[in-house]
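Q: Please take a close look at one strand of this model, chosen by you, and then place it in the rest of the chain. What lies around it, and what do the other parts look like?

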Amino acid sequence: MDDILAKAATLSCGDEDEDILELEEDTKSLESLATTAVLGRLLTRRVFSVSHMKELLGRVWRTIKGWSLQELDAGLYVIRFEKKQHLDLVMRYRTWMLSGPSGALLALFNWPPSGIWDKVDTSLVPIWVQVHGLPLMFMTQANATKLAAKVGSLLDVHKGQDGIMGWKFLRFKVLVNLNKPLFAGCFVPCSDGGKVWAQFRYERIAALCYKCGTLGHDHHWCVSDPVLVKGIEGLQVWKFGSWIRAC
């Protein structure tokens, strides 16, 4: 079917009037979808039926009523809400964990005004990231910007009520590429000649592979060798693990 559609797309119209047919655009429905629907991408190697998806979402959206889900393509869904405030609520978080940390990750995207859902870029999603292990002297806005650049485009930096960037960790929101391995961390040299490991932890993620660091499958499915890093004590350890997920 895809080959037929691809060939059809290369056809050009002739001079005959019967080759052209003007159709009416349903702009009202498009406008309604833009305010009541979201596009969902499911990252997992497991098989989830639509009924199972509805059951799982019903558990995490317990307080939200009056929504529907329809599968558009493999791993892509349209979710419609009766109330805009419910849409705004689920889009506030953008990523939802289904069936536990090793289950599946549902990433949500704005419904396109054009209605052409299969052209939406579903690779980038905003995620809050925590960086642990840094001494307090490194908890600055400038350093948060540098660290965020290792992940993606910086969107926001969390500040406490007292203006301190963080007592235990730095926290910022970045656009994460779901198709690439997550950035696990890096060594940071200190003024005393030593170094510390800056551990990146990602909020609201699931289905992370501990071998390759990508989302959408766990290490039991992965054919890659585990990515290793030499620790401070000189031992080779796995770079990715449950510690990548923020509690």
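A: A strand here is a DSSP run of E with at least two residues, and strands are numbered from the N terminus. The model is predicted. The part chosen is strand β9, which covers residues 185-189 and holds Phe187.

Phe187 is partly exposed, because its relative accessibility is 28% and the partly exposed class lies between 20% and 50%. Although ten residues separate Phe187 from Trp197 along the chain, their C-alpha atoms are 4.5 Å apart. Trp197 is also among the contacts of Phe187, together with Lys195 and Val196. Further contacts of Phe187 come from Val229, Lys230, Gly231 and Ile232; neighbours within four places in sequence are left out of this list.

The cysteines come next. The closest cysteine sulfur to that of Cys186 belongs to Cys190, and at 12 Å the two are too far apart for a bond. The sulfurs of Cys209 and Cys212 are 3.6 Å apart, and this too is too far, so Cys209 has no bond to its closest cysteine sulfur. The cut-off for a disulfide is 2.5 Å. A search of the whole structure finds zero disulfides. Cys209 is buried, because its relative accessibility is 0%.

Now the setting. The protein has five helices and twelve strands. Its C-alpha atoms fill a box of roughly 80 × 40 × 40 Å along the principal axes. Of its 247 residues, 39% count as buried. Among contacts between residues at least 6 apart in sequence, 63% join residues at least 24 apart.

Another strand, β5, can be set beside β9. Strands β4 (residues 95-98) and β5 (residues 104-110) run antiparallel and are joined by four bridges. One pairing puts Trp96 opposite its bridge partner Leu106 in β5. Five residues lie between the two strands of this hairpin, and Ser99 has a positive phi near 60° there.

Leu105 also belongs to β5. Leu105 counts as buried, because its relative accessibility is 0%. Not counting residues up to four places away in sequence, Leu105 touches Thr95 and Trp96, as well as Arg41, Leu42 and Leu43. Arg204, Ile205, Ala206, Ala207 and Leu215 are further contacts of Leu105. Val38, 67 residues from Leu105 along the chain, has its C-alpha atom 15 Å from that of Leu105.

Ala207 also appears in the lining of the largest cavity. The count of cavities of 30 Å³ or more comes to one, and the largest cavity has a volume of about 40 Å³. Besides Ala207, its lining is made up of Thr44, Arg45, Arg46, Ser102, Gly103, Gly216, His217, Asp218 and Trp221. By class, the lining residues are two nonpolar, five polar and three charged.

One helix residue completes the picture. Thr36 is in helix α2, which spans residues 27-36. Thr36 has a relative accessible area of 16% and is therefore buried. With neighbours within four places in sequence set aside, Thr36 is in contact with Ile79, Arg80, Phe81 and Leu87.

Key:
Residues are numbered from 1 along each chain as its sequence is written. This is a predicted model: local features need pLDDT of at least 70, side-chain atom pairs count only at pLDDT 80 or more; totals for chains, interfaces and linings use all residues. Side-chain values use heavy atoms; hydrogens and water are left out. Buried means under 20% relative accessible area, exposed over 50%, partly exposed in between (1.4 Å probe, protein chains only). Contact means heavy atoms within 4.5 Å. On a 1 Å grid over the protein atoms alone, a cavity is a set of points where a 1.4 Å probe fits but cannot get out, and a pocket is an open set with protein on both sides within 12 Å along at least five of seven lines; lining residues have an atom within 4 Å of a point. Grid points are joined across faces, edges and corners, and a volume is the space filled by probe spheres set on the points. Ala, Val, Leu, Ile, Met, Phe, Trp, Tyr, Cys and Pro count as nonpolar, Asp, Glu, Lys and Arg as charged, and the others, Gly among them, as polar. Two strands pair if DSSP finds at least two bridges between them.
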